[in-house]
Amino acid sequence: MVKRFSSCFQYSRHLMATVTLCSLVTLALSLLVNAYAEVIPESPQTENDSQPTATTRLRSSESAGQTTPVFGQNLFTGAFVRDRFAGFNPNYRLTTGDTVLLQLWGAVEFQGSLTVDPQGNIFIPQVGPVQVRGVANSELMPVVERAVKSVYRENVRVYANLDESQPVNIFVTGYVESPGLYSGLSSDSMLSYLDRAGGIDPQRGSYLDVRLVRQGAILENVNLYDFLLFGQIPQRQLQEGDTLIVGPRQHVVEFGGLVENPRQIEFTRQRIALSDALRLARPMPSATHVLIQRNSRVEQLSEYIPLSVADNTQLNPGDVVTLEADKSLATIIVQLEGEHRGRDQYVMPYGSSLGDLLQQIEPGPQSNLEAVQLFRKEVAERQKQMLNASLENLQMSVLTAPSATNEEASLRTQEAEMVLQFIDRARDIEPQGQVVLANAPDMNSIILQDEDRIRVPSLSQLVTLYGEVMLPTALLHNDSSGLKDYINQAGGLSRKADKSRIVVRSPDGSIELARLGGLFRSTTNVDIAPGDEIMVLPEVDFKTLQFTKDIVQILYQSAIAAGVVLAL
């Protein structure tokens, strides 16, 4: 019985450890997911909850697999509904239901709002009915004034103004997001009613074929590209029962690359000249060539042509056009930093060497041309990639590390928190991208690349110490001093220092690894030169930490690539 109870107790302990480990892994993974998850803000609520918003329409387009937005897709976002045009429209013609504000002063005093009745009149006291239906807004004042003057010939002043347009109901249908009947004013634009209907469906609707229909007859054909590009739209006065119809989407070509409008652009013609289409896509000045992927046939074909022959090329519906800059590099730009005289930017022929640049610069009295430093963008990017890969591997190892007992799981939790904080700090490190010139057979023959940075250090008499030393500082160089002497002058090593991992970095980018034996006895023969940096790395506890190899690798990478000593 006792033996059975002991077995059950041991089983329970293993079960609790497993549950604890699972909880730890689940928590860590959830934190990782939350760190990388993209937060999408909620769409703001409009007055009509059923009306799709711009964010909703964008999400529906993304869910449908759309990668390139449609030209004009951001036109209908609710702005036409929220902010109505309240200015004076001289061409508006009064109709039944409109309200006219009338003021009379002098021999007769009157102020009030008069509504246009079904006969088209407004009734002015002591004057009678005045016909105003069909009168342009710009002519309203003279018409009313003539009617008043026919009764009161002298000493009566008149002011008349359109106060409010007639409310009307307009049908909006076709390829819009929410077809239906929408209320507004007769003076509202067609864009306002399209906006009320949620705008044109970017996947199915046409921005080139919007029709205003009244009693079965087409009054207007609207091309919204004219409004998008030139601000032109017909100013039609709407009436009760009018219908706006959005036709189906026509012929579409997708543009990308070096264009100002990377969009899907619609055309009325099935075949269009590339030069005409590019007037809408607007190539950037740097574009030189066009890649056309033909998708309208059974087989996908591609063409790569110079931009100069765009007049002779025809586009078909479904084509994907990408503009690129295919240029041979004739010159490069090199930035000069540090101790020198003269300018900081040099434009040089492609293929120039470091020696060609050094012949052009004017060194100062403190310039150290023998320790010139070269920093390259692509080297920095590669160093960053390697560091990120090491951090990803370490993070995955931490999150998936197993534990055999409950006590071990508790220790692993504390270890995981510490290592994850270390990873967060390491992600912020930006490598310098320094190219080591020390081992080059001929430093002057090194070919420069575009955006290279050349730094001319000044003649230095200092040796810099930082990392796990008691007093990180800069000391004067002494030919008779060695590694242990400089460390002693900096107060000695800290309690966390790793005596077996000391990095000595020279100004030319070369790296030497040193170690100290007992009582700071140097076991590595390293000559310390003026301008050197001594970086003492922290010690990684091999007994308690499970991922010492990966952490040591990251410590070395950060020290060599960026000159940064991380601490656990």
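## Ser 275 in helix α7

Ser 275 counts as buried because its relative accessibility is 17%, where buried means under 20% relative accessible area, exposed over 50% and partly exposed in between (1.4 Å probe, protein chains only). This is a predicted model, in which local features need pLDDT of at least 70, side-chain atom pairs count only at pLDDT 80 or more, and totals for chains, interfaces and linings use all residues. Residues are numbered from 1 along each chain as its sequence is written, and side-chain values use heavy atoms, with hydrogens and water left out.

Helix α7, residues 274–281, is home to Ser 275; helices (H or I, at least four residues) and strands (E, at least two) are DSSP runs, numbered from the N terminus. Setting aside neighbours within four places in sequence, Ser 275 is in contact (heavy atoms within 4.5 Å) with Ala 310 and Asp 311.

## Glu 539 in a loop

Next, look at the loop between β29 (533–538) and α12 (548–562), where you will find Glu 539. Glu 539 counts as partly exposed because its relative accessibility is 48%. Asp 498 is 41 residues away from Glu 539 along the chain, yet their C-alpha atoms are separated by 4.2 Å.

## The lining of a pocket

Which residues lie nearest the centre of the second largest pocket? They are Gln 373, Arg 455, Pro 457, Pro 507 and Gly 531, out of 22 that line this pocket. A pocket is an open set of points on a 1 Å grid over the protein atoms alone, where a 1.4 Å probe fits, with protein on both sides within 12 Å along at least five of seven lines; lining residues have an atom within 4 Å of a point.

Strands β22 (373–375) and β25 (462–467) each supply at least two residues of the lining.
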